[in-house]
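Okay, thanks for coming, everyone. I'd like to walk you through a structure that's new to most of you, so have a look at the screen.

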Amino acid sequence: MKRTTIRPENVHQAALLRLLRDGGRSRAELGDVVDLSRSKLNVELDRLVELGLAEPDGLAASRGGRRSGRVRLSQATRFAGIDVGATSIDVAVTDGELKVLGHLSEPCDIREGPAAVLDRAIDLLGKLHRDGLYDELTGAGIGVPGPVSFAEGVPVVPPIMPGWDRYPVRETIGQALCCPTMVDNDVNIMALGELHTGLARSVGDFLLVKIGTGIGCGIVVDGKIYRGVSGSAGDIGHIRVDDLGPVCSCGNSGCLEAYFGGAALAREAVEVARSGGSPYLAERLAVAGTLTAEDVGAAAAQGDAGAIGLIRDGGRRVGQVLASLVSFFNPGLVIIAGGVAKLGHVLLAEIRSVVYRRSLPLATGNLPIVLSELGETAGVIGATRLISDHVYSAN
């Protein structure tokens with residue numbers, strides 16, 4: 001049976017919980033940033049302690065008078081984050097402040113179908129449970145690599161996820177873990193991870209471009225994910241960049257993803273290897289029988305001209321699409337993330353060159369374009385941010 005998670009009773013308590021998610025504070029410090037009288041603030045904080053959502057944390061240093069009591073989130077709070085990728089699963093358990101207490105990752109093929117993949121995610125969380133990292137979960141967030149109807153918690157016609165269309169992901173995970181659950185696109189949860197603890201922590205408006213098996217863009221406006229009317233905002237991998245280009249997994253031709261997603265890069269690498277354009281890739285192909293984006297990165301690191309050419313060509317195409325987005329949206333930061341983004345500074349330099357050259361000067365005059373520093377934890381932290389936003393709300 002699904003356990004009922006205790007929630008804040010009003011908007012004031014919800015606001016206080018979200019402040020405490022960034023770390024314990026004194027009552028006086030909280031009074032400096034919330035629009036509540038001292039007596040009302042103390043009533044709400046005392047009620048949060050009664051509900052078990054917060055707890056006392058000793059006394060703060062004196063600010064010239066009587067020392068104020070500190071408050072922090074309950075140390076029993078535990079959130080689960082699940083980041084399902086096309087070729088891997090990451091799970092983590094955090095405390096109420098979203099500090100990672102345990103993190104597990106393993107390869108997994110999204111094409112195995114929802115039942116098998118979600119069972120693996122639940123099994124991995126079971127290992128963290130057996131390690132003593134949690135007794136009960138306050139909530140769980142999950143990201144999947146395809147379009148999601150956020151209101152329903154289901155993927156909708158996801159191109160690289162056969163068998164997942166309208167599968168009840170939120171319901172399945174919620175029932176298995178006996179806690180509230182939220183589901184979103186994997187790029188959106190990565191953007192939330194960057195917003196919470198990454199390079200975008202102090203940036204209200206930014207874009208996160210994930211380049212992996214697929215290509216997507218998380219759009220953050222005024223500190224909140226912009227999902228669009230139906231949840232498909234940011235699906236830039238299926239923007240057409242060439243009418244005569246290769247067929248994409250979505251069924252159309254010439255999509256950005258068909259040129260520079262992980263599978264596309266591997267395909268292009270094989271062609272370069274067979275044509276004699278890359279001795280390194282040719283040798284690797286002969287040994288392994290196949291090539292990956294990681295092979296391209298390793299070849300480029302050795303100075304292989306063919307591999308560097310592939311990366312620059314892909315970066316140019318990403319930059320062309322991103323330049324239009326930058327001129328349209330005028331973000332304060334662009335973060336490049338995902339498995340293919342591990343190709344590193346050769347890719348980043350090409351993207352920067354195209355965006356700075358093609359976008360409006362007013363939009364790029366003070367625009368950092370950077371590689372993510374969170375790596376594999378961006379998604380799981382973002383997933384726990386997603387569910388904690390839900391739990392720490394009054395509706």
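I'll talk about one sheet with its helices, and then about one more helix. Keep in mind that this is a predicted model.

Let's start with the sheet. There are 5 strands in it, and going across you meet β13, β12, β11, β14 and β15, in an open sheet with mixed pairing. So which strands sit at the edges? Those are β13, residues 224-225, and β15, residues 369-371, and each of them pairs on one side only. At the β15 end, β14, which covers residues 334-337, runs parallel to β15, and 3 bridges join the two. One bridge to look for is Ile335 with its partner Val370 in β15.

Now, the helices on that sheet. Helix α6, residues 186-197, packs on it and touches β11, β12, β13 and β14, with its direction at about 130 degrees to that of β11. Then there's α11, residues 305-329, lying across β11, β12 and β14, and that helix runs at about 165 degrees to β11.

Okay, on to α4, residues 114-130. How far does α4 reach from its first C-alpha to its last? With 17 residues it reaches 24 Å, close to the 24 Å you'd expect at 1.5 Å a residue. Its buried residues include Val117, Leu118, Ala121, Leu124, Leu125 and Leu128. In a helix like this, residues three or four places apart point the same way, because there are 3.6 residues a turn. And what do the buried residues of α4 pack against? That would be β4, β5, β6 and β7, plus helix α5. Finally, just after α4, look at Gly132, which has a positive phi of about 85 degrees.

Definitions and conventions. Residues are numbered from 1 along each chain as its sequence is written. This is a predicted model: local features need pLDDT of at least 70, side-chain atom pairs count only at pLDDT 80 or more; totals for chains, interfaces and linings use all residues. Side-chain values use heavy atoms; hydrogens and water are left out. Two strands pair if DSSP finds at least two bridges between them. Helices (H or I, at least four residues) and strands (E, at least two) are DSSP runs, numbered from the N terminus. Contact means heavy atoms within 4.5 Å. Axes are lines fitted to C-alpha atoms, for helices over the stretch in contact, and angles run from 0 to 180 degrees between N-to-C directions. The expected span of a helix is 1.5 Å times one less than its number of residues. Buried means under 20% relative accessible area, exposed over 50%, partly exposed in between (1.4 Å probe, protein chains only).
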